[in-house]
Amino acid sequence: MTRLILASQSPARTKLLTEAGIQHDVLVSDVDEDAVQAKYGVTDAHDTALLLARAKAEAVAALPEAEGALVIGCDSVFEFDGESHGKPYTAEVARERMLRMSGSQGVLHTGHWLVDCRDTAADADADAANDEAPDGTGATVGAVSSAEVHFATMKNEEIDAYIATGEPLHCAGSFTIDGLGGAFIRKVDGDPHAVVGLSISTLRDLLVHANVGITELWNATNQ
């Protein structure tokens, strides 16, 4: 069976894959996001999401544990009023952002990057002892899935209560749709999975480049 590795420590992403019946392992990268952005100077939210997803996927793909697997890296960046918003980390930043977002809308960009770490035909030629036909394509491809998020008007006490839970501090844009923050999201235009942090349909599209169908990753217990 084809092995998929999720290069992310996000509980929401692994839960999403699990609920979609996709068997996977988790292997977290040690990518310094600030250093990556400083190196490339990317400021556009769309491009930043893809850049960081690629950095995470390639970092994990370089590890010995990734040999023979497919690696998917993801990263989400919220675009609001022309600014890129990652995780706020502090209550003060989260509060300032949510007060601005109240009754308004922004775009959540989730970057995806897939790396095929399975042996390719070239690898087989270099290893005469390998009698099995290689499955790998050497693919390293990415895509961004975006969705416009419309927020309800939030009361100050609601914002304070939400921040007190700690949930928004580690979410791109200071919110999440699959938790307590869903109460404040009025509408989503686009792929709702992208707002969670991993688009299953985008993953399916990327797998085509590795000659793998999404059904090949379904857990046997779901078939």
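## A guided tour, starting at a buried cysteine

Select Cys-74: with a relative accessible area of 0%, this residue is buried. Before going on, keep in mind that what you have open is a predicted model.

**Stop 1: the cysteines**

Stay with Cys-74 and look for a sulfur partner. How many disulfides does a search of the whole structure find? The count is zero. Cys-74 is therefore in no disulfide: its nearest cysteine sulfur belongs to Cys-117 and is 15 Å away, whereas a disulfide needs the two sulfur atoms within 2.5 Å. Now pick Cys-171, which is in no disulfide either; here the nearest cysteine sulfur is that of Cys-74, 15 Å away. Is Cys-171 buried or exposed? Its relative accessibility is 17%, so Cys-171 counts as buried, the cut-off being under 20%.

**Stop 2: two residues with positive phi**

Next, select Ser-174, in the loop that runs between α6 (156–164) and β7. Check its backbone: phi of Ser-174 is near 75°, a positive value in a residue other than glycine. Ser-174 has 0% relative accessibility and so counts as buried.

Move to Asp-81 for another case. You will find Asp-81 in the loop between β3 (70–80) and β4 (83–85). Asp-81 is not a glycine, yet it has a positive phi of about 55°. Is Asp-81 buried or exposed? With a relative accessible area of 60%, Asp-81 is exposed.

**Stop 3: strands β6 and β7**

Select strand β7, residues 185–190, and pick out Asp-189 within it. At 35% relative accessibility, this aspartate counts as partly exposed. Which residues does Asp-189 touch, leaving aside those up to four places away in sequence? They are Ala-147, Glu-148 and His-150. For a distance label, try Asp-189 and Glu-148: they are 41 residues apart in sequence, but their C-alpha atoms are 5.0 Å apart in space.

From there, step across to Ala-147, which lies in strand β6 (residues 140–151). Ala-147 counts as buried, at 1% relative accessibility. Leaving out residues up to four places away in sequence, Ala-147 touches Gly-106, Val-107, Leu-108, Val-188, Asp-189, Gly-190, Asp-191 and Val-195. Add Thr-110 to the selection: Ala-147 and Thr-110 are 37 residues apart in sequence and 8.7 Å apart in space, C-alpha to C-alpha.

**Stop 4: helices α4 and α6**

Two packed helices are described by the angle between their axes and the distance between the axes. Show helix α4 (residues 91–101) together with α6: their axes come within 10 Å and cross at roughly 145°. The crossing of α4 past α6 is right-handed. To see the contact, display Ala-91, Ala-94, Arg-95, Met-98 and Leu-99 on the α4 side, then Asn-156, Ile-159, Asp-160, Tyr-162 and Ile-163 on the α6 side. How do the residues of this contact of α4 with α6 divide by type? Seven are nonpolar, one is polar and two are charged.

**Stop 5: helices α2 and α3**

Now show helix α2 (residues 33–40) and helix α3 (residues 45–61). The two axes come within 10 Å and cross at roughly 120°. That makes α2 and α3 oblique to each other, since 65 to 115 degrees would count as roughly perpendicular and over 145 as roughly antiparallel. In handedness, α2 passes α3 in a right-handed crossing. For the side chains, display Glu-33, Val-36, Gln-37 and Tyr-40 in α2, which meet Thr-48, Leu-51, Leu-52, Ala-55 and Lys-56 in α3. The residues of this contact of α2 with α3 divide into five nonpolar, two polar and two charged.

While helix α2 is on screen, pick Asp-34, which has its place there. Asp-34 is exposed, with a relative accessible area of 59%. Its C-alpha atom is separated by 9.6 Å from that of Leu-52, and the two residues are 18 apart along the chain.

**Last stop: Asp-30**

Finally, follow the chain to the loop between β2 (25–26) and α2, where Asp-30 lies. Asp-30 is exposed, with a relative accessible area of 72%. Where does Asp-30 stand in relation to Glu-148? Their C-alpha atoms are separated by 30 Å, and the residues are 118 apart along the chain.

Methods. Residues numbered from 1 in each chain as written. Predicted model: local features only at pLDDT ≥ 70, side-chain atom pairs only at ≥ 80, totals over all residues. Heavy atoms only, no water. Axes fitted to C-alpha atoms, helices over the stretch in contact; angles between N-to-C directions. Helix = DSSP H or I, 4+ residues; strand = E, 2+ residues; numbered from the N terminus. Parallel < 35°, antiparallel > 145°, perpendicular 65-115°, else oblique. Left-handed = near helix turned anticlockwise from the far one by under 90°. Contact = heavy atoms within 4.5 Å. Nonpolar A, V, L, I, M, F, W, Y, C, P; charged D, E, K, R; others polar. Buried < 20%, exposed > 50% of the residue type's maximum accessible area, 1.4 Å probe, protein only.
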